[in-house]
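Got a few minutes to go through a protein model together? Have a look at it, and then we'll talk it over.

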Amino acid sequence: MAMSDPIADLLTRIRNAVRAGHEHAYVPWSRLKEDICKVLRQEGYIEEFSVAGEGVERSLRVTIRYAKDGKPVITQLRRISKPSLRVYVKGKEIQQVRSGLGISIISTSHGLMTGRDAYRQRVGGEIICEVW
């Protein structure tokens, strides 16, 4: 059976790995999921990710980041725009997440980027998720 929301599946697998204290989360690969992981890595929420396998057997191996005291860096992942209800925002109307302590990931015409970057560049788009 086909997955109806693969992005929510990515976020849920990462969230479950964080709550269970796992070092890695394994997710079926897609270009959009890989781009989301690139943004999470650039912002310091995950250690790294790698693509394993070939063709339809590709998967992402996401390494969860933990602080020195053993607590996970990711506190919460929240899906905003869903297949049943898309959420769009203009470039000048992008708001901070948790008063600047978190990030929003936005799909723009310039590619995936954080809400801060989209605000600076004044490009709007679809709000994919929020992370803090």
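What follows is a short chat between a student and a tutor about this predicted model.

Student: Which element supplies the largest share of the lining of the largest pocket?
Tutor: Start with the elements that give at least two residues each to that lining: strand S6 (103-108) and helix H3 (115-121). Among the lining residues are Gly115, Arg116, Tyr119 and Arg120. The largest share, 4 residues, comes from H3.

Student: And how many charged residues are in that lining?
Tutor: The pocket has a volume of about 190 Å³. Its lining has 4 nonpolar and 6 polar residues. Arg116 and Arg120 are in the lining, and Arg counts as charged. The charged count is 2.

Student: Is Gly44 buried or exposed?
Tutor: Gly44 sits in the loop between helix H2 (31-42) and strand S2 (46-52). Leaving out residues up to four places away in sequence, Gly44 touches Arg65 and Val73. Its relative accessible area is 16%, and the cut-off is under 20%, so Gly44 is buried.

Student: How far apart are the C-alpha atoms of Gly44 and Arg65?
Tutor: Along the chain, Gly44 and Arg65 are 21 residues apart. They are still in contact. Their C-alpha atoms are separated by 7.9 Å.

Student: Which residue in S3 stands opposite Val51?
Tutor: S3 (residues 59-64) pairs with S1 (residues 24-28) in the antiparallel sense over 5 bridges, with Ala25 opposite Val62. S2 and S3 also pair in the antiparallel sense, over 6 bridges. Opposite Val51 in S3 stands Leu60.

Conventions:
Residues numbered from 1 in each chain as written. Predicted model: local features only at pLDDT ≥ 70, side-chain atom pairs only at ≥ 80, totals over all residues. Heavy atoms only, no water. 1 Å grid on protein atoms, 1.4 Å probe; cavity = no way out; pocket = protein on both sides within 12 Å on 5 of 7 lines; lining within 4 Å. Points joined across faces, edges and corners; volume = space filled by probe spheres on them. Buried < 20%, exposed > 50% of the residue type's maximum accessible area, 1.4 Å probe, protein only. Contact = heavy atoms within 4.5 Å. Pairing = 2+ DSSP bridges.
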